[in-house]
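Q: Please take a close look at a single strand of this structure and at what surrounds it. I would like one connected account, working outwards from that strand to its neighbours.

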Amino acid sequence: KQAIAAVNEQAPNNDEKLDKPKWAWWDGIESDEIPKWCTFRLLPHGAFIEASTVACAAASGRSRGVLDKLELARAVIDQLKKNANTYLQSNKSSGICRVTEIAVHEKSGHVHIILDIGGKIQAKASIHNAQNISTQHLRNAADEKVDPIQEMISRYGKVDQQYSPDAKVQLNDKCVQRFLTVRSTPVYESSLQPEVHRLFCLYQSTTHGDFNPFADHDESSTFRDEVHEYDYYKQKNLPGFLDIDVAYRHVDGNRRDRIKTSYVIFYKFLCETPVPNTTAESNSFCRSNEDGYDIGIPFGTYHQQYRLSTSKDAFDGPLVAVGVLDILPHCISSVYAFYDPIFSARLELGKYTALREIEWVRRASKYRTELKYYYLGYYIHSCRKMTYKADYKPSELLCPVTSKWVDFETAKKILEERSPVRNCCALFDVPHSAEDEASAAAKKQSCVDKMALDIGTTAEESQVVRVDMLNGQGRELVDPVVSEFVNEVGVVMCSKFVIKLS
């Protein structure tokens, strides 16, 4: 509430201010009780607990954009930092030794806090304590100066010790300098490394709210009914498919079932590939390495791994990011990227991985003259999660009608003018004959005539009619709306819809 009030004070005019920062404004409940969407989700990581909340993004959405999610998140963080030491000293029974980091994820607006619960507290007890931390308690976060690199290395080391006792993560003293080193690992080698899957689960859980089998504790449900898909994949002897029973042999069976289910999702999403790998000899025309850029690797699918290593030439530190790439004769296709969300709040690893991939193409193009493009995949103009792709310039969009590339700024203007709802239209003016235009107009009118309308007077009542069943007066009212709908959705898809009239 204090954060919303602070953002309110900066509103440029009264129309953009909220009358009162009441939860009732969103929930219709006259109560000061904090709604569920404002609570923190707690994920244990060994001796640390990560507390994350989507409250700022949710508040922004519920206010229809009046509250900017990042401004609100920064205001929340200011509130969290003010009274940390006072709270921790007066509430030692909370089980929190210190708050090691507070950060906001720039894309999602989620706020993350890392709580150090200390090595002397057993996991079960510490989780119990964490679950009893109120939102008021979490407002009192620490403002201590902690080395974020060392904190992350320590956090990852303890997680690896819990789930991979044989892992050899470099846990050196704070004075040791760290280097962010990158290596393109063939996908079917990377998929056999348990830490890659664990980082994927952490990213998906924190950024997208997916279930994290390494952190979430839900004893009321099991995943045994879904494990059959893992068993099916394992029987197929697929390349690079990790044996979870061997990798996590020390973990209880119920936890392993959850990991198996999650691993199949990860493998199908980011490991299975139709791109064949070529032999190293076929790319011997260029250097294998140029200032840390392995531009001599063969075509194929790779997990470009980013580690905090002990030297520029080493690759021995904890994994902090992975970029999934298809390296093709003419381009790099960026499939996905996942990374440590807390560490990324300082380094913006999502942007860094993209910039480094662009630089990889630039360097490789000196030796592979045909390889000169960087593909970011699909772009949906109305989807906020995709608009970041337009930040990398100069860029082009592919016209869905003519399959020609169009300068992005030109394409953006055309999309907003010609297709403001669906954001999908021809980006080139294609000349048509009078016969073609007459045929297209006839098809559109036929689609309008056959469009289904639900004219039921209540939510429970449904009465579907076609547009061509209406009288002249009804057509005058309905035709403009239906014509606009057909223009945006397209003739092919319209037959799959029913328009509800209110």
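A: In this predicted model, strand β7 (residues 319–327) has nine of its nine residues buried, so the strand is largely enclosed by the rest of the structure. The cut-off behind that statement is a relative accessible area under 20%.

The strand neighbours of β7 can be taken one side at a time. Strand β6 (residues 300–309) pairs with β7 in the antiparallel sense, over eight bridges, and within this pairing Tyr302 stands opposite Leu325 of β7. Strand β8 (residues 331–339) also runs antiparallel to β7, to which it is joined by seven bridges; here Gly323 stands opposite Ala337 in β8. The connection between β7 and β8 is a hairpin, with three residues between the two strands.

These pairings belong to an open sheet of five strands, in the order β5-β6-β7-β8-β9, whose pairing is mixed. The edges are formed by β5 (179–186) and β9 (373–375), each of which pairs on one side only. Averaged over the sheet and with direction ignored, neighbouring strands are turned by 25° against each other. Towards the β5 edge, β5 and β6 pair in the antiparallel sense over eight bridges, and the bridge partner of Pro186 in β6 is Tyr302. Tyr302 thus appears in both pairings, as the residue opposite Leu325 in β7 and as the partner of Pro186.

Helices add to these surroundings. Helix α13 packs on the sheet, where it touches β6, β7 and β8, and its direction makes about 160° with that of β8. Helix α15 (residues 349–364) lies across β5, β6, β7, β8 and β9, and runs at about 160° to β8. As a general point, side chains in a regular strand alternate between the two faces of the sheet.

One step further out, α13 (residues 253–270) meets helix α10 (residues 194–208): their axes come within 10 Å and cross at roughly 90°. Because angles of 65 to 115 degrees count as roughly perpendicular, α10 and α13 are described as roughly perpendicular to each other. The residues making this contact are Val196, His197, Phe200 and Cys201 on the α10 side, and Ile259, Ser262, Tyr263, Phe266, Phe269 and Leu270 on the α13 side. Sorted by class, the contact of α10 with α13 comprises eight nonpolar and two polar residues, with no charged residues. Helix α13 therefore links the two parts of this account, being roughly perpendicular to α10 while also touching β7 in the sheet.

Key
Residues are numbered from 1 along each chain as its sequence is written. This is a predicted model: local features need pLDDT of at least 70, side-chain atom pairs count only at pLDDT 80 or more; totals for chains, interfaces and linings use all residues. Side-chain values use heavy atoms; hydrogens and water are left out. Axes are lines fitted to C-alpha atoms, for helices over the stretch in contact, and angles run from 0 to 180 degrees between N-to-C directions. Helices (H or I, at least four residues) and strands (E, at least two) are DSSP runs, numbered from the N terminus. Angles under 35 degrees count as roughly parallel, over 145 as roughly antiparallel, 65 to 115 as roughly perpendicular and the rest as oblique. Contact means heavy atoms within 4.5 Å. Ala, Val, Leu, Ile, Met, Phe, Trp, Tyr, Cys and Pro count as nonpolar, Asp, Glu, Lys and Arg as charged, and the others, Gly among them, as polar. Buried means under 20% relative accessible area, exposed over 50%, partly exposed in between (1.4 Å probe, protein chains only). Two strands pair if DSSP finds at least two bridges between them.
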